[in-house]
Amino acid sequence: MADTINTENEEDDLQSQMEEVEALSSIYGDEWCVIDEASRIFCIKISNHMEETKLTACLQIILPPDYPSAAPPIYQINAAWLRGSERVRLANSLEDLYVEHAGESILYMWVEKVREFMLEKAQDSEAVAQSTKVTLTAEEDVDDEDVPDFTCFTLCAEEAQHFPEHANDEEVPPIQHGDCITDRRSTFQPHLAPVVTPKQVKAVLERLYDNKKIASATHNIYAYRIYCEDKNSFLQDCEDDGETAAGGRLLHLLQILDVRNVLVVVSRWYGGILLGPDRFKHINNCARSILVQEGYTASSDDVAKSAAKAKRLKSKKTK
């Protein structure tokens, strides 16, 4: 009996790892690298995207068989600037994150924690350099060009209220359609709609299926997440539509990105050539692109740049 339970846990862990890796590959693109898939070894290149004080790091990850249910990832951070007490402080932060989210997929949070740490270090370095500059030129006037421009800093509208809470149940939310991805004659296209009730989910799906082209798709995979504020919880579900495990992978991407009140559908028209695991990559890439397009999440570059500008603004106010 114990062996059966262990086998089931290992299978669940492997499935969770596959979904997490596919989601991260979609999120980080070329920054995500597979070192040895069979041994579950991966690498993510992380940058703070700051021109003045640019820092980079390479986070190497090994996923043990019992991750995420019972063990943390094995990791190593390669960065010339990370030494001594700073390395210990970052390691403690990653350990605290794991303990806080034990049993959950943790890699996305780890990557962003490393990026946040890099931004803080760069910001501190800039502050020291700036204070030195101010000491040397205290009597000089400050040019307007020295003041950072924050006009392009925008917040992610992940929880924008597109509809009143008690909207007419028959009202169909606006549906957006994303760009197609074609690979070996298979075509993938994403569709997105803001939703706050299961009835709206059903209404959007019915409207999509009214379109003959979408209705003729080999698969219409979807996932949605609705935040229930009164219960502080999520109502979420997904559908494979014949593409085994695709719906779960899509929902996992929405969870990692922490998007809410949104339905994402990815249509696939099969072209006669098997794509293997690449089909899941295309599904997630389609979904992420339309989420970025509609402002539910930001590209990895935009997140880092916005965070850097926010920290500069905070530093400016502190002064």
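This passage looks at the overall make-up of a predicted protein model and then at the surroundings of Asn-220.

Taken as a whole, the predicted protein has eight helices and 10 strands. It runs to 319 residues, and 40% of them count as buried. The accessible surface adds up to about 17500 Å², with carbon and sulfur atoms supplying 50% of that area. As for how the chain meets itself, take the contacts with a separation of 6 or more: 64% of them come from residues 24 or more positions apart.

Zooming in, Asn-220 sits in strand β8, which covers residues 219-228. The relative accessible area of Asn-220 is just 2%, and because the cut-off for burial is under 20%, Asn-220 goes down as buried.

What surrounds Asn-220? Setting aside the neighbours within four places in sequence, the contact list reads Tyr-209, Ile-214, Glu-239, Asp-241, Val-265, Val-266 and Ser-267. One of these, Val-266, is 46 residues away from Asn-220 in sequence, yet the two C-alpha atoms are 5.7 Å apart in space.

Two entries on that list also turn up when the polar side of things is checked. The side chain of Asn-220 reaches the backbone oxygen of Ile-214, at 3.0 Å. With Ser-267 the link is side chain to side chain, a polar contact of 2.5 Å. Put together, the picture for Asn-220 is a buried strand residue whose side chain has a backbone partner in Ile-214 and a side-chain partner in Ser-267.

Notes. Residues are numbered from 1 along each chain as its sequence is written. This is a predicted model: local features need pLDDT of at least 70, side-chain atom pairs count only at pLDDT 80 or more; totals for chains, interfaces and linings use all residues. Side-chain values use heavy atoms; hydrogens and water are left out. Helices (H or I, at least four residues) and strands (E, at least two) are DSSP runs, numbered from the N terminus. Buried means under 20% relative accessible area, exposed over 50%, partly exposed in between (1.4 Å probe, protein chains only). Contact means heavy atoms within 4.5 Å. A polar contact is a pair of N or O atoms within 3.5 Å; within protein, one must be able to donate a hydrogen and the other to accept it, and residues adjacent in sequence count only if both atoms are side-chain atoms. Accessible areas come from the Shrake-Rupley method with a 1.4 Å probe; for residues, only the protein chains shown count as cover.
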